[in-house]
There are 4 protein chains.
Amino acid sequence: MSTTTARRRLTREESQAQTRERLINAAQHLFVSNGYGGASIRDIANNAGYSQGAFYSNFSSKEDILLELLRRHMEAEALQLSTVMGNNAQQLEQILAELEAWASTLNQDADWCMLSIELQLHAKRSPTFAAEYQKVWGKHRSEIGSVISLLFEKLGRPAPASPDELAAAFMALSHGLALQRTTDRLDPPGRLIMVFLRGLIASAK
Amino acid sequence: MSTTTARRRLTREESQAQTRERLINAAQHLFVSNGYGGASIRDIANNAGYSQGAFYSNFSSKEDILLELLRRHMEAEALQLSTVMGNNAQQLEQILAELEAWASTLNQDADWCMLSIELQLHAKRSPTFAAEYQKVWGKHRSEIGSVISLLFEKLGRPAPASPDELAAAFMALSHGLALQRTTDRLDPPGRLIMVFLRGLIASAK
Amino acid sequence: MSTTTARRRLTREESQAQTRERLINAAQHLFVSNGYGGASIRDIANNAGYSQGAFYSNFSSKEDILLELLRRHMEAEALQLSTVMGNNAQQLEQILAELEAWASTLNQDADWCMLSIELQLHAKRSPTFAAEYQKVWGKHRSEIGSVISLLFEKLGRPAPASPDELAAAFMALSHGLALQRTTDRLDPPGRLIMVFLRGLIASAK
Amino acid sequence: MSTTTARRRLTREESQAQTRERLINAAQHLFVSNGYGGASIRDIANNAGYSQGAFYSNFSSKEDILLELLRRHMEAEALQLSTVMGNNAQQLEQILAELEAWASTLNQDADWCMLSIELQLHAKRSPTFAAEYQKVWGKHRSEIGSVISLLFEKLGRPAPASPDELAAAFMALSHGLALQRTTDRLDPPGRLIMVFLRGLIASAK
DNA sequence: AATGAATGAGGATTCATTCAT
DNA sequence: TATGAATGAATCCTCATTCAT
């Protein structure tokens with residue numbers, strides 16, 4: 001049946017990985033559009049093209065797949081951050097340019113932001129999940145915070161609030177704007193973040 | 001038990017108003033702590049001390065009580081705003097003081113903010129609710145926007161973004177921070193908002 | 001306020017009678033279009049322009065109003081029958097003409113027939129109601145039966161089945177056709193009944 | 001307990017078919033004795049020995065199982081008709097004998113007739129169901145109609161009404177009589193139908 | 001690994017009925 | 001007499017999860 005150009009038969013591991021991947025994608029879409037509580041496992045499985053049983057062969061519960069999404073979410077954000085910040089900028093202008101690049105990635109993908117909101121909401125309700133969430137979120141926040149910290153160091157001025165607070169505020173702004181998005185329509189994604197960032201710099205001078 | 005000042009027997013209207021009030025309070029608490037989808041009518045009614053039927057004597061559906069909460073939410077915000085802004089400030093310092101007062105009311109009540117988030121989430125999912133939400137939210141935003149507008153007028157400088165955008169951004173910031181609250185613990189509510197506001201002013205000079 | 005031509009203020013009795021009447025009418029329409037089980041007391045009361053409480057001031061239960069409808073139903077049928085048969089016909093042709101007149105009244109009002117069906121269905125399910133139903137139905141059937149009986153007497157031939165059976169069969173035919181009515185559309189109401197009646201006569205000769 | 005001829009373990013399909021069958025049987029009994037509206041899914045499932053969820057694994061809704069009953073109902077009637085009419089009768093006496101056989105099957109099973117009535121009632125109230133019902137009922141009626149048609153052809157006389165009308169009338173008679181059944185007790189099932197049929201023949205001569 | 005029938009608890013909603021007003 | 005808020009049970013249906021295949 002298989003010819004020389006035939007699509008290679010997937011190995012067992014590859015096939016399972018594919019199933020997992022498809023389930024994760026389906027879950028992400030449904031959590032974003034219906035919320036964590038509004039997405040049923042039946043829907044996730046069907047949407048991915050599998051039965052409910054396949055879901056339970058790959059994840060132990062609904063929260064388990066959310067945890068997987070959390071991991072990927074933060075991994076992606078870390079990757080983004082390291083890409084943007086990776087050139088070890090030392091000059092003020094470079095640092096600013098990097099932050100601008102980062103701000104434009106934020107909000108770029110509204111779905112990603114909505115998922116972030118679902119993760120936070122679920123963390124508020126499930127202690128077990130909250131613990132996991134906290135770990136990964138704290139790390140992410142301090143990474144952003146250290147860039148902000150570096151920025152004000154270069155400026156030779158004290159930051160108007162702790163770097164962690166400012167990092168959290170920028171994330172908060174991004175999430176809050178995502179929440180308004182489908183509702184309103186007046187937002188060029190990361191622009192407002194830069195407006196605020198420039199304000200902070202101006203007020204530090 | 002009854003004295004000359006005995007608690008007067010409630011009239012029918014009063015009694016019903018009390019029921020309504022208790023149901024609304026219970027709904028608010030549960031929407032905040034479990035989310036709109038996670039709060040069942042059974043829970044709302046029981047929590048208020050009534051049967052499920054009593055709920056349906058007072059509200060036509062789950063969305064109906066959310067709409068009532070929306071109305072109260074915005075009414076309260078409008079009241080807050082009008083109280084704060086009511087002295088018709090003309091001096092720059094007065095306007096700033098007013099905005100500071102307003103910022104400190106924001107985030108004051110984390111529950112109130114979480115309710116706001118639930119309202120926005122539900123608006124994203126229910127078109128009928130979205131229509132109602134949009135009406136009330138647009139009005140609120142432009143009220144805040146006009147104060148911001150006045151501020152930059154007095155400064156004699158252009159605002160770094162449209163007043164509506166800035167108003168939306170401040171609300172977004174407030175919501176995003178509320179989302180982090182139970183998770184983190186590093187937030188003096190409206191302070192960050194003022195930090196950002198002062199930044200805007202500084203960058204306008 | 002009231003002038004000489006003013007609509008006379010209803011006495012208390014009249015007013016109550018009016019309430020009753022309106023409730024009965026509403027119940028009849030709803031039982032016919034939704035079935036006995038499908039018509040709620042709330043709907044009946046609202047449809048009549050009253051509250052649920054008004055219903056219970058006039059009837060002790062849902063079955064109670066059905067019983068009232070049963071009484072009126074049979075009363076109306078008896079009236080119809082006596083009008084049609086009242087001229088004490090002695091001639092064969094007269095008797096036939098009377099039966100024809102009766103047949104055309106049958107099925108004339110499809111609603112009336114559907115109500116009859118609801119009554120029978122409820123009688124099958126509620127023993128207390130069945131007892132009441134039986135009384136009134138037996139009387140009605142034997143009235144029709146006696147006309148049929150007279151007819152065959154005049155013909156000087158034995159009827160092909162007992163008069164009661166034949167009467168029941170004609171009623172059954174009428175009910176069964178009503179059941180098909182909204183479904184199909186090929187029915188000139190009482191015509192088929194006469195076709196069958198003439199058949200009986202022909203086969204008796 | 002298990003012998004060499006032990007009851008074979010059911011395959012998955014067999015097991016599901018059994019579940020379906022039991023649910024269908026339970027539904028039929030309950031629809032007949034309580035009516036469509038009066039039979040709850042809880043009752044159907046419990047009566048069949050399953051949970052409510054099992055019902056929804058096999059049928060998408062209450063109407064869905066009624067549709068299945070409709071299909072089986074008409075299938076059974078078609079089978080009955082084809083059995084009775086299968087010997088390609090050409091002689092008048094043979095055709096009459098066949099019709100007699102058919103009439104005696106009618107009403108034989110009062111439950112079957114009550115189900116027919118429930119189907120018709122539900123068709124009056126649910127447009128979606130009505131469409132399905134119409135299809136199957138029209139076909140059945142014209143099958144019976146064609147036998148009646150053949151009968152009068154052999155007689156060389158015009159039928160006193162269109163074959164379809166007469167077929168519908170005989171079914172109506174059968175249903176109307178079923179409705180009276182538990183109420184009264186004076187009916188030898190299909191006999192009255194034959195009385196009427198012979199009448200039609202007599203009046204055609 | 002994947003299926004999907006079956007479970008049992010819980011979802012929103014409607015019902016007949018009661019009772020203080 | 002008539003109101004309609006409140007009850008509590010019952011309605012149809014969906015859910016996360018289990019388990020034999």
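The following exercises, with worked solutions, concern a predicted model of protein chains and DNA.

**Exercise 1. Determine how chain D is related to chain C.**

Step 1. Superposing chain D on chain C takes a rotation of 179° with 0.0 Å of shift along its axis, and the RMSD is 0.1 Å.
Step 2. The two copies are therefore related as by a two-fold rotation axis.
Step 3. Both copies use the same surface, since 100% of the contact residues of chain D recur in chain C.

**Exercise 2. State which of the chain pairs A/C and B/D touch.**

Step 1. For chain A and chain C, the nearest C-alpha atoms are 32 Å apart, and the chains do not touch.
Step 2. For chain B and chain D, the nearest C-alpha atoms are 20 Å apart, and these chains do not touch either.

**Exercise 3. Identify the residues that touch the most other members of the largest nonpolar core, and describe the surroundings of Trp102(C).**

Step 1. The largest nonpolar core holds 134 residues. Those touching the most other members are Phe31(C), Trp102(C), Phe196(C), Trp102(D) and Phe196(D).
Step 2. Leaving aside residues up to four places away in sequence, Trp102(C) is in contact with Leu81(C), Val84(C), Met85(C), Ile144(C), Phe170(C) and Met171(C).
Step 3. Another core, of 132 residues, lies apart from the largest one; among its members are Ala48(A), Ala89(B), Ala167(B) and Leu177(B).
Step 4. As a general background, nonpolar side chains in soluble globular proteins tend to be buried together.

**Exercise 4. Decide whether Gln28(D) counts as buried or exposed, and place this residue in its chain.**

Step 1. Gln28(D) belongs to helix α1 (residues 12-34) of chain D.
Step 2. Its relative accessibility is 15%. The cut-off for a buried residue is under 20%, so Gln28(D) counts as buried.
Step 3. Beyond residues up to four places away in sequence, Gln28(D) touches Leu69(D), Trp112(D) and Leu115(D).

**Exercise 5. Characterise the protein surface near DNA strand F and its contacts with phosphate oxygens.**

Step 1. DNA strand F is surrounded by 35 residues, of which the closest are Arg12(B), Thr19(B), Arg42(D), Gln52(D) and Tyr56(D).
Step 2. Of the atoms of DNA strand F that come within 4 Å of the protein, 60% belong to sugar and phosphate.
Step 3. Side-chain N or O atoms approach phosphate oxygens of DNA strand F at 3.0 Å from Tyr56(A) and at 2.9 Å from Asn58(B). In Ala39(D), a backbone N or O atom is 3.4 Å from a phosphate oxygen of the strand.
Step 4. Elements giving two or more residues to this surface include α2 (41-48) and α3 (52-58) of chain A, and α1 (12-34) and α3 (52-58) of chain B.
Step 5. By residue class, the surface comprises 10 nonpolar, 18 polar and 7 charged residues.

Definitions and conventions
Residues are numbered from 1 along each chain as its sequence is written. Chains are lettered from A and ligands numbered from 1 in the order in which they are written. This is a predicted model: local features need pLDDT of at least 70, side-chain atom pairs count only at pLDDT 80 or more; totals for chains, interfaces and linings use all residues. Side-chain values use heavy atoms; hydrogens and water are left out. Contact means heavy atoms within 4.5 Å. A nonpolar core is a set of buried Ala, Val, Leu, Ile, Met, Phe, Trp, Tyr and Cys residues joined through side-chain atoms within 4.5 Å. Buried means under 20% relative accessible area, exposed over 50%, partly exposed in between (1.4 Å probe, protein chains only). Copies are superposed by least squares on the C-alpha atoms of residues with pLDDT of at least 70 in both. Helices (H or I, at least four residues) and strands (E, at least two) are DSSP runs, numbered from the N terminus. A residue is near a molecule or strand if one of its heavy atoms lies within 4 Å of it. A polar contact is a pair of N or O atoms within 3.5 Å; within protein, one must be able to donate a hydrogen and the other to accept it, and residues adjacent in sequence count only if both atoms are side-chain atoms. Ala, Val, Leu, Ile, Met, Phe, Trp, Tyr, Cys and Pro count as nonpolar, Asp, Glu, Lys and Arg as charged, and the others, Gly among them, as polar.
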